[in-house]
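Morning, everyone. I have one structure to walk through today. Let me put it on the screen.

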Amino acid sequence: MLVTENLKDFPAAAVSSFGIEVPHQDEFLLDQFDLAPELVIAALRRQVSRYRRAPRTVDDLLDILANEGHCCSGFAEAFRSAGSFGTWRS
């Protein structure tokens with residue numbers, strides 16, 4: 001599996017013969033959240049805990065993931081809809 005936002009350079013016809021799946025990163029994150037929400041929550045909490053110079057909340061991280069540079073707005077919206085995790089810090 002190759003997770004990317006650059007799907008145009010990995011058309012299904014080119015990668016299928018190698019048995020490679022190429023989902024968009026938003027789709028991948030949504031799948032992970034659907035399969036194991038507790039692990040995704042823990043991963044986001046762990047990630048924000050590593051921002052020492054400029055502390056962030058999970059909500060701040062979701063804003064970053066949803067921006068045009070990361071294109072994971074579906075994941076950010078689904079995560080926010082699932083509950084109030086915005087103030088979590090480790």
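Start with E21, which lies in the loop between α1, residues 12-15, and α2, residues 25-35. A caution before going on: this is a predicted model. E21 is exposed, with a relative accessible area of 53%. It belongs to a negative surface patch, and its partners there are E27, D31 and D34.

Stay in that loop for a moment. F18 is found between α1 and α2 as well. F18 is exposed too, at a relative accessible area of 63%. What does F18 form on the surface with L2, F10 and I20? A nonpolar patch, and together the four have about 370 Å² of accessible area.

Now step back to the overall layout. The protein chain has 5 helices and 0 strands. Read from the N terminus, the order of elements is α-α-α-α-α. Along the principal axes, the C-alpha atoms fill a box of roughly 45 × 25 × 20 Å. The chain has 90 residues, and 27% of them count as buried.

Next, the inside. The largest nonpolar core has 13 residues. Which of them have the most contacts inside it? V40, L44, V58, L62, L65, F75 and F79. Three helices each supply at least two residues of this core: α3, 37-49; α4, 58-66; and α5, 73-82.

On to charge pairs. Side chains of opposite charge can pair when their charged atoms come close. How many salt bridges does a search of the whole structure find? It finds 3.

Take D63 and R80. Their salt bridge has its closest N and O atoms 2.5 Å apart. This pair links distant parts of the chain, with D63 in helix α4, R80 in helix α5, and their positions 17 residues apart in sequence. D63 counts as partly exposed, at 44% relative accessibility. Salt bridges with shared partners join D59, D63 and R80 into one network.

So what about D59 and R80? Their side chains meet in a salt bridge at 2.7 Å, N to O. Again the pair links distant parts of the chain: D59 is in helix α4, R80 is in helix α5, and they are 21 residues apart. Is D59 buried or partly exposed? D59 is partly exposed, because its relative accessible area is 29%, and buried would need under 20%. R80 is partly exposed as well, at 33% relative accessibility.

The other salt bridge is between D9 and K8, at 3.6 Å, N to O. D9 is partly exposed, with a relative accessible area of 46%. K8 is exposed, at 70%.

Two loop residues to finish. First, C71, which has its place in the loop between α4 and α5. Most residues other than glycine have a negative phi. C71 has a positive one, near 55°. At 31% relative accessibility, C71 counts as partly exposed.

Then A54. Where is A54 found? In the loop between α3 and α4. A54 counts as partly exposed, with a relative accessibility of 43%. Compare its position with T4: the two are 50 residues apart in sequence, and 27 Å apart in space, C-alpha to C-alpha.

That's the tour. Over to you for discussion.

Technical notes. Residues numbered from 1 in each chain as written. Predicted model: local features only at pLDDT ≥ 70, side-chain atom pairs only at ≥ 80, totals over all residues. Heavy atoms only, no water. Patch = residues over 30% accessible without salt bridge, like charges linked within 9 Å, V, L, I, M, F, W, Y side chains within 5 Å. Areas by Shrake-Rupley, 256 points an atom, 1.4 Å probe, with all protein chains shown as cover. Lys, Arg positive; Asp, Glu negative; His and termini not counted. Charge placed at Lys NZ, Arg CZ, Asp CG, Glu CD. Helix = DSSP H or I, 4+ residues; strand = E, 2+ residues; numbered from the N terminus. Buried < 20%, exposed > 50% of the residue type's maximum accessible area, 1.4 Å probe, protein only. Core = buried A, V, L, I, M, F, W, Y, C linked by side-chain atoms within 4.5 Å.
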